[in-house]
Amino acid sequence: MRKRGWMCLFWSMLLVWCALPVCAMDTAARVVRVAYPVQAGLTDFDEYGNYTGYTYEYLEEVAQYTGWEYEFVEVPGEIDESLSALLEMLQNGEVDLMGAMVYSESLGELYDYASHSYGVSETLLQVPYETVQEAEINSQVYQVLRVAAIGQGTRLIREFEDYCVMNLIEPQYVYCETSEEQVQAVREGRADVLLNSGMNYIEGMRTVAKFSPKPFYFATTKGNSSGLIEELNAAIVSIEQADPSFSTNLYEKYFSPPNEKLFLTGKEKNYIENAGKIKVGVLKNQPPYQYLGEDGQEKGMALDFLAYVSEHTGLSFELVYYDTPEQAYEAAQNQEVSLVACMPYEYALARSKGVSMSRAYLSSQYLLVTREDGGTEQGVAGRRLALTNAATYQGKLLGEPVSYDTAEQCISAVAKGEADYTYMDAYTAQYYVNMPEYQNLKMIPQSYEPRKICFGVAKAGDPQLLSILNKCINTISEEDSQAIINSNTLQKQPFSLGNFLRANPLETVVFLVAFFLLVIVLLLLFLRHRAKAGKRLALELEKHFRIYALVSEYFFEYDFQDGRLMVTLPREGGKPEIVELDFSKPLPGRKDWGRDGEFLDLIRSGRDGVWEMEAEFIDGKTHWVRIALETVRDGGRPVYALGKINIIDGEKREKDTLQEKAQLDSLTHIYNAEACRLLVTERLARKAENEGSALLLLDVDHFKEVNDTYGHLRGDQSLEAVARLLQANAGEGDIVGRPGGDEFIVYLAHVEDTEMLEKRCGQLCEGLRSLLVAGKIKLTASVGAVFCTGSLEYSALYELADQALYQTKRAGRDGYRISGASSSAGDLDGG
């Protein structure tokens with residue numbers, strides 16, 4: 001019996017021992033053999049030889065859900081050879097998995113694909129970052145595009161040719177063997193753009209067009225029944241559900257890394273050269289973002305970011321200070337300033353204030369600020385909440401709001417117990433809490449969306465300014481950005497006399513004795529120096545006269561108390577002449593320079609800065625002058641106004657001439673596209689509700705054949721002839737322009753009805769038929785016109801005219817089509 005018991009125990013232990021390896025095998029991680037072709041950004045190695053890339057990182061995330069371990073299989077050689085060999089190994093089952101597989105029916109017969117993609121690739125047109133000239137794709141204008149492409153008849157080329165058909169592009173290929181040859185072709189100017197796949201990262205290239213998006217998948221050996229695909233599908237679903245932006249962030253990391261170098265286009269550089277001083281609306285009291293320090297110096301993070309932009313682009317800014325954000329936004333709407341230095345990054349706010357937003361250049365967590373004994377741990381419902389009048393929050397408030405004008409007043413109210421708590425961003429809170437009077441406050445981080453700060457850009461301004469600001473914000477380094485933040489938020493602790501007296505009683509007594517002795521000495525010195533003050537004053541006056549004599553400029557000084565204006569007139573080789581004008585009381589029979597005029601109003605306004613105006617000068621003639629004005633104040637009350645005056649007649653004429661040239665087309669000397677848009681928009685805004693007008697779009701028929709048959713010189717002469725004909729037929733208030741190519745635009749300011757417009761269009765077509773360029777070139781044109789009696793915007797009129805033009809072309813060209821913009825008008829056509 002005992003022997004049978006020992007035998008049972010032996011066999012039981014043997015069974016347990018034999019089962020251990022089986023259990024171990026069941027719990028062991030699956031080892032997945034992964035094909036690893038070395039491709040930049042996709043399956044790659046870093047500088048230390050570690051695996052990296054989009055597919056590699058996605059596989060590691062998959063492993064978090066599956067517990068897989070990977071054996072990466074590489075095949076040496078060129079990428080095409082490596083890919084072919086690895087695909088064959090996948091087909092034969094020598095590797096288990098391969099990524100970046102685009103699905104097709106033929107490949108679907110060879111491999112099993114995962115049910116869910118793990119990314120999307122697009123076909124790209126790219127240029128180097130340093131390329132000045134933008135490659136612009138305009139689907140409304142026929143254009144020839146030179147494209148550097150690898151191979152012939154590839155999938156990328158087929159996709160690009162479909163894109164060309166949609167966008168009126170005629171491709172001219174520069175065939176290359178490698179990506180390096182493509183980049184070289186574009187850099188040498190033999191190609192305008194290079195054709196690339198979104199999964200092929202080329203350093204130093206930026207994308208100008210994307211099309212033909214294609215999902216890509218993991219694939220395994222056909223008929224693989226190991227459950228690998230099922231586990232992979234479940235993991236991909238889990239990844240996308242847990243973080244929907246995971247694949248997007250991976251794509252940005254490996255295929256669209258941030259560019260740290262600032263490259264500007266030709267348009268942007270031209271804008272910088274001609275921009276002059278850009279006026280920026282700045283608040284006087286919004287530290288640490290924008291404010292005037294106690295020393296009168298302009299300070300703040302927003303201003304430091306503007307200084308960074310100025311340093312790296314050459315743009316010049318002139319600060320215009322306002323008391324409230326509303327005043328700054330109103331100034332931007334009225335085109336008094338081009339920028340608002342510091343505005344919350346909120347679409348609703350930008351829309352309501354009529355400004356555009358740059359990218360956010362600052363982002364800061366919100367903090368709840370309360371006293372150490374504030375008791376907000378029990379909640380804020382029903383407690384007094386200090387908010388600024390300019391706060392943009394529109395949601396539900398738990399606390400009882402108490403309004404203040406500034407953030408400083410809010411935090412002061414909390415410190416004094418007039419309010420229980422306030423919300424502010426971390427930068428503002430840090431700025432104030434560093435001050436001794438607010439050291440009894442504590443800051444509690446909040447989980448709300450961070451506060452973002454951007455530049456507000458006046459919508460009526462040049463869009464190049466917004467583009468330049470965004471490029472600067474996107475390329476500023478973390479070090480430079482953090483340096484700006486630190487220099488404005490980490491304030492030095494001010495000296496506290498009370499603390500010093502308590503800590504140093506003996507030194508205090510010594511200091512007081514020394515102070516009284518110093519006062520006595522200073523009184524004696526004052527009596528001595530008072531006798532010399534008159535002589536020193538006379539020498540100072542003589543010195544100023546000699547300085548004035550060295551420069552050929554007019555200086556002035558205005559006394560607010562007695563209303564006297566003193567002006568120095570430069571004289572060659574001698575002291576300047578001083579003219580003194582008394583504005584304290586009216587003088588009948590005399591009419592002095594500037595009396596009751598713009599110049600005197602400017603001085604009395606106390607608005608410091610540099611101003612330009614056209615005014616009657618002291619010589620009795622009217623001049624354009626530049627006035628630099630600075631007001632001396634006593635406790636906020638203006639006492640003196642000091643400044644200088646330059647006559648800038650020549651500079652003003654040159655500036656006006658350059659501005660006029662910038663509006664004209666260089667070939668035909670009629671208005672260009674942007675000038676047409678602005679002028680027609682202005683006319684439409686001024687015209688009466690029932691006043692008739694019309695917009696015409698005109699394309700020269702078969703103009704390409706003129707260029708191909710007679711050459712581009714004759715083609716240019718033909719365009720010039722058409723422009724002259726349109727100008728000759730233009731009436732008062734009409735606008736004639738050339739947006740580009742063989743397209744012309746005509747705005748007729750005075751059109752009574754569609755019959756009159758039909759007559760004008762018929763005369764225009766007949767006039768074009770009668771043109772004979774260079775004695776042998778006959779021209780016709782297709783015209784699309786729209787008659788308007790309402791208050792349509794320029795873009796709507798342009799679209800209607802463009803549709804009418806398209807109908808004319810479809811009907812056989814050499815004619816016109818009229819579309820009415822009001823509900824009562826119909827369509828008319830004519831040959």
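**Close-up views of a predicted protein chain**

In this predicted model, the protein chain has an average pLDDT (the predictor's confidence in each residue, from 0 to 100) of 84, and 86% of the residues score at least 70. Residues are numbered from 1 along each chain as its sequence is written, and side-chain values use heavy atoms, without hydrogens and water. Local features need pLDDT of at least 70 and side-chain atom pairs count only at pLDDT 80 or more, whereas totals for chains, interfaces and linings use all residues.

**View 1. Stretches of low confidence.** Over residues 8-27 the pLDDT stays under 50, and the model has zero contacts (heavy atoms within 4.5 Å) for them beyond four places in sequence. Residues 822-827 also have pLDDT below 50, but this stretch has ten contacts in the model beyond near neighbours in sequence. Where pLDDT is low, the predicted coordinates should not be read in detail.

**View 2. An aromatic cluster.** Tyr54, Tyr58, Tyr118, Phe216, Phe218, Phe246, Tyr251 and Phe255 are linked into a cluster by ring pairs, a pair being Phe, Tyr or Trp rings (for Trp the six-membered ring) with centres within 6.5 Å.

**View 3. Helix H24 and its two faces.** Helix H24 (residues 754-769; helices are DSSP runs of H or I with at least four residues, numbered from the N terminus) carries the buried residues Leu757, Cys761, Leu764, Cys765, Gly767 and Leu768 (buried means under 20% relative accessible area, exposed over 50%, with a 1.4 Å probe and protein chains only). These residues lie on the same side of H24 because they cover an arc (of the directions from the helix axis to the C-beta atoms) of only 160 degrees around the axis. Glu755 and Lys759 are exposed on the face of H24 turned away from its buried side.

Key. Rings of Phe, Tyr and Trp (its six-membered ring) pair if their centres lie within 6.5 Å; planes under 30 degrees apart count as stacked, over 60 as edge-to-face and the rest as tilted. Helices (H or I, at least four residues) and strands (E, at least two) are DSSP runs, numbered from the N terminus.
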